[in-house]
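Colleague: I've got the model open and want to know how you arrive at the words you use for it. Can you take me through some of them?

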Amino acid sequence: SSSAAKGESVADTAKTVSCYADIIAMRHPKEGAPYVASRAATIPVINAGDGGHFHPTQTLTDLLTIKREKGRFDNLTVGLCGDLKFGRTVHSLIAAMSRYEGVKFVLISPTELKLPSYVMDAHIKSKGIPYEQTTSLEEAMPKLDILYMTRVQRERFFNEEDYLRLKDSYILNIEKLKCAKPTLSIMHPLPRVNEISVAVDDDPRAAYFRQALNGKFMRMALIMKLLKAAQENPVREAIDTTDLVYDLPLCRNPKCISSTEQELKPIYRLVDKEHNICRCIYCDQKA
């Protein structure tokens with residue numbers, strides 16, 4: 001929205017757009033922005049990616065691709081490679097795939113870009129899902145049914161030096177695929193930079209362009225589904241207030257929407273009563 005680009009609050013933008021549109025699809029650099037918009041809008045809001053947090057529409061695309069490529073969601077070893085710390089597509093895919101039986105995750109990244117604790121705790125450890133963490137793509141390759149490559153994103157870093165040091169950590173080429181299963185499916189949310197050699201494009205295991213096409217179909221279906229649902233039941237769902245905590249200080253995450261949105265009160269959810277762990281309702285940062 002041009003209004004948001006000029007500094008208008010997310011809530012105000014959502015209210016304004018609700019007056020003349022039927023649906024909002026929001027991609028925003030601040031984590032939690034679509035959630036704030038959904039509480040203010042009177043029309044459906046689609047989270048099209050919020051900072052390095054989550055990207056649910058891409059995950060629907062990924063699920064459609066996995067179903068078409070593998071014919072199932074269960075009993076798969078899924079390797080996720082690259083920027084797992086800021087990779088919102090990775091976070092969302094793990095949340096989705098953790099619902100299925102027999103899934104195992106292999107997390108391939110530099111130490112500095114490991115999966116954040118809020119994803120690990122909520123979707124892997126709490127469910128007892130087997131996983132491995134490694135810095136070696138070559139060692140992980142023979143085990144994988146799916147390899148989900150990601151780029152190291154310049155816009156997620158606070159300084160240029162860290163980006164330049166890590167951006168070429170993993171480059172998938174034909175040589176590295178020699179030890180992979182013949183049934184491997186290679187996925188990527190795109191766009192790529194240089195983390196997949198163009199020579200891999202001709203390998204039948206490369207599914208990322210089929211994945212992009214699936215994204216077109218899935219997003220069309222999602223828009224139609226939400227428009228129909230809003231017409232049948234225009235009443236907005238009430239917020240889940242279970243275990244909400246309101247008396248904690250501002251979120252420490254500088255990329256959280258609560259750090260910039262005017263008069264947005266910090267709200268946390270008690271996610272682990274035994275260890276008294278609360279997480280920001282907008283970005284999942286630990287209090």
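Colleague: Let's start with disulfides. How many are there, and how do you know?

Modeller: Zero by the rule used here. Keep in mind that this is a predicted model. A pair of cysteine sulfurs has to lie within 2.5 Å to count as a disulfide. Take C256: its nearest cysteine sulfur belongs to C283 and is 3.7 Å away, so by the 2.5 Å cut-off C256 is in no disulfide.

Colleague: What about C283, then: which cysteine sulfur is nearest to that residue?

Modeller: That of C251, at 3.5 Å. The limit is 2.5 Å, so C283 is in no disulfide either.

Colleague: Are C256 and C283 buried or exposed, and what makes you say so?

Modeller: Buried means under 20% relative accessible area. C256 has 0%, so C256 is buried. C283 has 2%, so C283 is buried as well.

Colleague: On to the helices. Why is α2 called oblique to α3?

Modeller: Helix α2 (residues 10-18) and helix α3 (residues 33-40) pack at about 50°, with their axes 8 Å apart. Roughly parallel would need an angle under 35 degrees, and roughly perpendicular starts at 65. An angle of about 50° fits neither, so α2 is oblique to α3. The crossing is right-handed.

Colleague: Which residues make that contact, and how do they divide by type?

Modeller: From α2 you have V10, A11, A14 and K15, and from α3 there are A33, V36, A37 and A40. They divide into seven nonpolar, no polar and one charged.

Colleague: What makes α4 and α5 oblique to each other?

Modeller: Helix α4 (residues 56-70) and helix α5 (residues 88-97) cross at roughly 55°, and their axes come within 9 Å. Again the angle is neither under 35 degrees nor in the range 65 to 115, so the pair is oblique. α4 passes α5 in a right-handed crossing.

Colleague: And what meets what there?

Modeller: On the α4 side, P56, Q58, T59, D62, L63 and I66; on the α5 side, T89, S92, L93, A96 and M97. This contact divides into six nonpolar, four polar and one charged.

Colleague: How do you know that α5 is mostly covered?

Modeller: Ten of its ten residues are buried. Among them are R88, H91 and M97.

Colleague: What about loop residues: is S109 buried or exposed, and why?

Modeller: S109 sits in the loop between β4 (104-108) and α6 (117-123). Its relative accessible area is 5%, under the 20% limit, so S109 is buried. Leaving out residues up to four places away in sequence, S109 touches G82, L84, K114, T134, T135 and Y170.

Colleague: Why does V152 count as buried?

Modeller: V152 has 9% relative accessibility, and the limit is 20%, so V152 counts as buried. You'll find V152 in the loop between β6 (146-149) and α8 (160-166).

Colleague: N276 and D284 have their own labels for accessibility. Why?

Modeller: N276 has 58%, and over 50% is exposed, so N276 is exposed. D284 has 23%, which falls between 20% and 50%, so D284 counts as partly exposed.

Colleague: What is phi for those two?

Modeller: N276 has a positive phi of about 55° although it is not a glycine. D284, also not a glycine, has a positive phi near 70°. Most residues other than glycine have a negative phi.

Terms used. Residues numbered from 1 in each chain as written. Predicted model: local features only at pLDDT ≥ 70, side-chain atom pairs only at ≥ 80, totals over all residues. Heavy atoms only, no water. Axes fitted to C-alpha atoms, helices over the stretch in contact; angles between N-to-C directions. Helix = DSSP H or I, 4+ residues; strand = E, 2+ residues; numbered from the N terminus. Parallel < 35°, antiparallel > 145°, perpendicular 65-115°, else oblique. Left-handed = near helix turned anticlockwise from the far one by under 90°. Contact = heavy atoms within 4.5 Å. Nonpolar A, V, L, I, M, F, W, Y, C, P; charged D, E, K, R; others polar. Buried < 20%, exposed > 50% of the residue type's maximum accessible area, 1.4 Å probe, protein only.
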